[in-house]
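Grab a pencil and open the viewer. Each exercise below gives you a task and then walks through the solution.

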Amino acid sequence: MADLSITQVSKKYDITPDTLRYYERIGLIPEVPRRGNGNRYYNDGMQGWIEMIVCLRHSGVTVEALIDYAQMLK
């Protein structure tokens with residue numbers, strides 16, 4: 001995989017850029033690295049994390065439960 005922009009990641013996982021920003025803001029995903037121009041980029045590790053979140057959300061896991069899980073991993 002290659003580094004992807006927020007638009008590319010949102011299309012890849014069929015979620016909105018706003019959802020990705022929300023997940024970052026609430027701590028569900030780690031702080032996303034940014035390029036010199038301020039644009040977010042998602043490396044392989046970030047994409048894998050997002051893929052897991054999307055799968056769990058589709059399985060009915062609540063955002064609150066995912067936040068608890070993410071905090072345990074920190």
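## Exercise 1: the core

Task: find which residues touch the most other members of the largest nonpolar core, and which helix gives the largest share of this core.

Solution. Start with the hubs: this core has 18 residues, and those touching the most other members are Val9, Leu20, Ile29, Tyr42 and Ile50. Keep in mind that you're looking at a predicted model.

Next, ask where the core comes from. At least two of its residues are supplied by each of helix 1 (6-13), helix 2 (17-25), helix 3 (44-58) and helix 4 (63-73). Helix 3 gives the largest share, with 4 residues.

Now zoom in on one hub. Setting aside residues up to four places away in sequence, Val9 touches Leu4, Leu20, Tyr42 and Ile50.

## Exercise 2: helix 1 against helix 3

Task: describe how helix 1 and helix 3 cross, and work out which residues meet there.

Solution. Two numbers do the job for packed helices in general: the angle between the axes and the distance between them. Here the axes of helix 1 and helix 3 come within 11 Å, crossing at roughly 35°. The hand of this crossing is right-handed.

Then list the residues on each side. Helix 1 brings Val9, Lys12 and Tyr13, and these meet Gln47, Ile50, Glu51 and Val54 of helix 3. Sorted by class, the residues of this contact come out as 4 nonpolar, 1 polar and 2 charged.

Finish with Lys12, which sits in helix 1. Its relative accessible area is 41%, so Lys12 counts as partly exposed. Follow the chain from Lys12 to Gln47 and you travel 35 residues, yet their C-alpha atoms are separated by 9.5 Å.

## Exercise 3: helix 3 against helix 4

Task: repeat the analysis for helix 3 and helix 4, asking at what angle their axes cross and what classes of residue make the contact.

Solution. Geometry comes first: the two axes come within 10 Å and cross at roughly 145°. The crossing of helix 3 and helix 4 is right-handed.

On to the residues. From helix 3 you have Trp49, Met52, Ile53, Leu56 and Arg57, and from helix 4 you have Val63, Leu66, Tyr69, Ala70 and Leu73. Tally the classes for this contact and you get 9 nonpolar, no polar and 1 charged.

## Exercise 4: an aromatic pair

Task: how should the ring pair of Tyr22 and Tyr23 be classified?

Solution. A search of the whole structure turns up 1 aromatic pair. The ring centres of Tyr22 and Tyr23 are 6.1 Å apart and the planes stand at 45°, so call this pair tilted.

Then check each partner's surroundings. Tyr22 has 36% relative accessibility, so it is partly exposed. Tyr23 has a relative accessible area of 10%, so it is buried.

## Exercise 5: Ser10 and Asp14

Task: decide whether Ser10 is buried or exposed, then do the same for Asp14.

Solution. Take Ser10, located in helix 1. With a relative accessible area of 8%, Ser10 is buried. Leaving out residues up to four places away in sequence, Ser10 touches Ile15, Thr16, Pro17 and Leu20.

Move along to Asp14, in the loop between helix 1 and helix 2. A relative accessible area of 69% makes Asp14 exposed. Check the backbone too: the phi of Asp14 is near 55°, a positive value in a residue other than glycine.

Technical notes:
Residues are numbered from 1 along each chain as its sequence is written. This is a predicted model: local features need pLDDT of at least 70, side-chain atom pairs count only at pLDDT 80 or more; totals for chains, interfaces and linings use all residues. Side-chain values use heavy atoms; hydrogens and water are left out. A nonpolar core is a set of buried Ala, Val, Leu, Ile, Met, Phe, Trp, Tyr and Cys residues joined through side-chain atoms within 4.5 Å. Buried means under 20% relative accessible area, exposed over 50%, partly exposed in between (1.4 Å probe, protein chains only). Contact means heavy atoms within 4.5 Å. Axes are lines fitted to C-alpha atoms, for helices over the stretch in contact, and angles run from 0 to 180 degrees between N-to-C directions. A crossing is left-handed if the near helix is turned anticlockwise from the far one by less than a right angle, and right-handed if clockwise. Ala, Val, Leu, Ile, Met, Phe, Trp, Tyr, Cys and Pro count as nonpolar, Asp, Glu, Lys and Arg as charged, and the others, Gly among them, as polar. Rings of Phe, Tyr and Trp (its six-membered ring) pair if their centres lie within 6.5 Å; planes under 30 degrees apart count as stacked, over 60 as edge-to-face and the rest as tilted.
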